[in-house]
Amino acid sequence: MTSGLEFRVTPATPVPAAERAKLIENPGFGKLFTDHMVTIEWSDGKGWHNAEVRARAPFSLDPASAVLHYAQEIFEGMKAYRGRGGEITMFRPEENARRFNESADRMAMPRIPEELFVEAVEKLVAADRDWIPDGEGSLYLRPFMFADEVFLGVKPAAHYIFCVIASPVGPYFKGGGKPVTIWVSDNYTRAAPGGTGAAKCGGNYAGSLIAQAEAIREGCDQVVFLDAAERRWVEELGGMNVFFVMDDGSLVTPPLGTILPGITRASLIELARGDGLKVEEKPYSFDQWKADAESGRLREVFACGTAAVVAGIGTVRFRGGEFTIGDGTTTGPVTRKLREALVGIQRGESNDERGWIHKVG
């Protein structure tokens, strides 16, 4: 299904095949980019127009562009995969389109038709399919939108640019699947009721960077935030949702509201319930987390998101101490099974009975 908007295609001069092959052997994460990008404009009174697939290049922005002053900007994160037979697929892109529009609503930005969002991503994947790594690598896709109207004044802008870029990537965390160490922030919070916690906007991530820097100084891989009101309830990591696995096999994950409604999170909930596991979306306090880990009631903890997929958490550090989950060095069986089930579907290696895979022609 297409959006009906005609895309103008101007092919880029590609990176030579031999050079590209060498680059994607060990791409890292988020530092290498493909040849093309997709852009579409929106203006008040004209709507969506001027859709292009063109060479990736810098934008020319006026110093008074609205995004630079009032932060009207949203984005998504998704991936394209190369299956063993060479087939190119994406995972639940319609859900990314839906969440993108929910973020747009919160940031007073225009909605993009879901079919146009998906078509734009498809066109970039098709143009740059040779950049998709084999093996465990993937093509990380970054659709985003920002306000570029030139004015100084606090109001929604009247002109926006939607863009999709792509980056070949390897694993998000280094260490070959070892459980990560996280830092519990007591100085900073990520979001409050009525705020932008459920929107995927750059400001949320900018606000988390100082806490992430603190985590790094404490020898941790990631930060986890507590709620803004009581500094008691676990919410989410700097860029990932979190799950707790109890000794009876049940799972607990913080409820939506002030946290991002992760597509990986929702998929894991469905997979776990489909496997007969009980999953509760309910508040879970840091004090309870610590007590359950020490008593053995809590067996596993894992973080999840598009970039990292599923990553076990082994050690939790906080001001005044630390504790481990299990032995702190081994990914638990529930975490491992859910990760394998999800990755198997994403890469076309297992039966996609839920229709989550989107094939790119």
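Which residue takes a positive phi just after H8? I will come to that residue by way of the whole chain, and I should say at the outset that what we have on the screen is a predicted model.

The protein chain contains 8 helices together with 18 strands, and its C-alpha trace spans about 60 × 50 × 35 Å along the principal axes. For 361 residues, a compact globule would have a radius of gyration near 21 Å, and since the protein chain has 21 Å, the two agree. Of those 361 residues, 53% count as buried, and if we take the contacts with a separation of 6 or more, 71% of them are accounted for by residues 24 or more positions apart.

Turning to the outside, the accessible surface of the protein chain comes to about 16300 Å², with 50% of that belonging to carbon and sulfur atoms. Tyr70, Leu152 and Val154 make a nonpolar surface patch of about 350 Å². Val154 sits in the loop between strand S7 (138–147) and strand S8 (159–169), and with a relative accessible area of 79% Val154 is classed as exposed, because the cut-off for that class is over 50%.

That brings me to helix H8, residues 333–346, where 14 residues at 1.5 Å a residue should span 20 Å, and the end C-alpha atoms are indeed 20 Å apart, so expectation and model agree. The buried residues of H8 are Val334, Thr335, Leu338, Leu342, Val343, Gly344, Ile345 and Gln346. And to return to my opening question, the residue just after H8 with the positive phi is Gly348, at about 70 degrees.

How values were computed. Residues are numbered from 1 along each chain as its sequence is written. This is a predicted model: local features need pLDDT of at least 70, side-chain atom pairs count only at pLDDT 80 or more; totals for chains, interfaces and linings use all residues. Side-chain values use heavy atoms; hydrogens and water are left out. Patches are made of residues with over 30% relative accessible area and no salt bridge: like charges are joined within 9 Å, nonpolar side chains (Val, Leu, Ile, Met, Phe, Trp, Tyr) within 5 Å. Accessible areas come from the Shrake-Rupley method with a 1.4 Å probe; for residues, only the protein chains shown count as cover. A salt bridge is a side-chain nitrogen of Lys or Arg within 4 Å of a carboxyl oxygen of Asp or Glu. Helices (H or I, at least four residues) and strands (E, at least two) are DSSP runs, numbered from the N terminus. Buried means under 20% relative accessible area, exposed over 50%, partly exposed in between (1.4 Å probe, protein chains only). The radius of gyration is taken over C-alpha atoms; the globule rule is 2.2 Å times the number of residues to the power 0.38. Contact means heavy atoms within 4.5 Å. The expected span of a helix is 1.5 Å times one less than its number of residues.
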